[in-house]
Amino acid sequence: MRQYSHLILGGLVASSMLLSGCSSSPTGRQQMLLFSENDMSQMGAQSFEQLKQQEKISTDAKKQQYVQCVTDAITAKVGPLEGFDKWEVVVFDSDQVNAFALPGGKIGVYTGLLKVATNQDQLATVIGHEIGHVLAQHSNERLSRSQLADAGLKITGAAIGGSQYSNAAMAGLGLGVQYGILMPYGRAQESESDIIGLKLMAEAGFDPTQSVALWKNMAKASGGNQPPELLSTHPSHDTRIDDLNESIASLPAYNQPKPSCEL
């Protein structure tokens, strides 16, 4: 009888947490968020500091200014967010074709991306997309799902407080590649960030049609090595391009002056 009591109690706790964690994303998709924005900001900020110690930071001032210029134009359209006052941008010296944004307003861009995102509008596509993950609280959503899947619903301060984080927490923030664990965003989250990022870049004055050019560059750079869509959590390049074209067609006309960010 005691065993069944534990099962019933566990079910009640799970139901309570699910109800308290229900939320909606910027596009209206239902989410379960079990961590506060302040908790996520703290986690992102501390993880970013750890990354800055481990990764090689670029000393190319021109590249830093260029990425900062594009980022500033986009974040100016975001407005204040809970948990931090301003966005911090760091360019990492690496051939990785990658970028990320963490809760707490931390953005990292790898120099390898600048070889594929060949102009300010294409770079704005990537930065807008990564900021979209933050605005839609995808890291929180991913960590929440991971915690619920973990035995015993271990939602405790140990996952947040202190200076050391588990590999699962780091992966949940989108840093799984660096830490040997991959907890990728799902296709719904990736598509959602595309939509949010597209709107942000257009509002900032960047050319949203360049998002299609970017993903064509990405497809070329990957050399056709992307796995089939059904076996991947990311949309295929073709699907992504089709979805972007559809979203671009529905965007309103913005009269924002075009930014002038040059590399």
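Start by selecting helices α3 and α4: the two are oblique to each other, a word for angles outside three ranges, namely under 35 degrees (roughly parallel), over 145 (roughly antiparallel) and 65 to 115 (roughly perpendicular). Before going on, note that this is a predicted model, where local features need pLDDT of at least 70, side-chain atom pairs count only at pLDDT 80 or more, and totals for chains, interfaces and linings use all residues. Residues are numbered from 1 along each chain as its sequence is written, and side-chain values use heavy atoms, with hydrogens and water left out.

**Stop one: α3 and α4**

Color residues 61-75 (α3) and 120-135 (α4); the helices pack at about 55°, with axes 10 Å apart. Now show side chains: Y66, V67, V70, T71, I74 and T75 in α3 meet Q120, L123, A124, I127, G128 and I131 in α4, where contact means heavy atoms within 4.5 Å.

**Stop two: strand β5**

Next, select residues 106-110, strand β5, where five of five residues are buried, meaning under 20% relative accessible area with a 1.4 Å probe, protein chains only. K106, G108 and Y110 point one way, while I107 and V109 point the other.

Add β3 (residues 88-92), which runs parallel to β5 and is joined to it by five bridges. Then add β4 (residues 99-102), which pairs with β5 in the antiparallel sense over four bridges. Center on V109: V91 stands opposite V109, and so does A99. In the hairpin turn between β4 and β5, find G104, with a positive phi of about 95°.

**Stop three: α7 and α9**

Finally, select residues 187-203 (α7) and 237-250 (α9), which pack at about 35° with axes 10 Å apart.

Note on methods
Axes fitted to C-alpha atoms, helices over the stretch in contact; angles between N-to-C directions. Buried < 20%, exposed > 50% of the residue type's maximum accessible area, 1.4 Å probe, protein only. Pairing = 2+ DSSP bridges.
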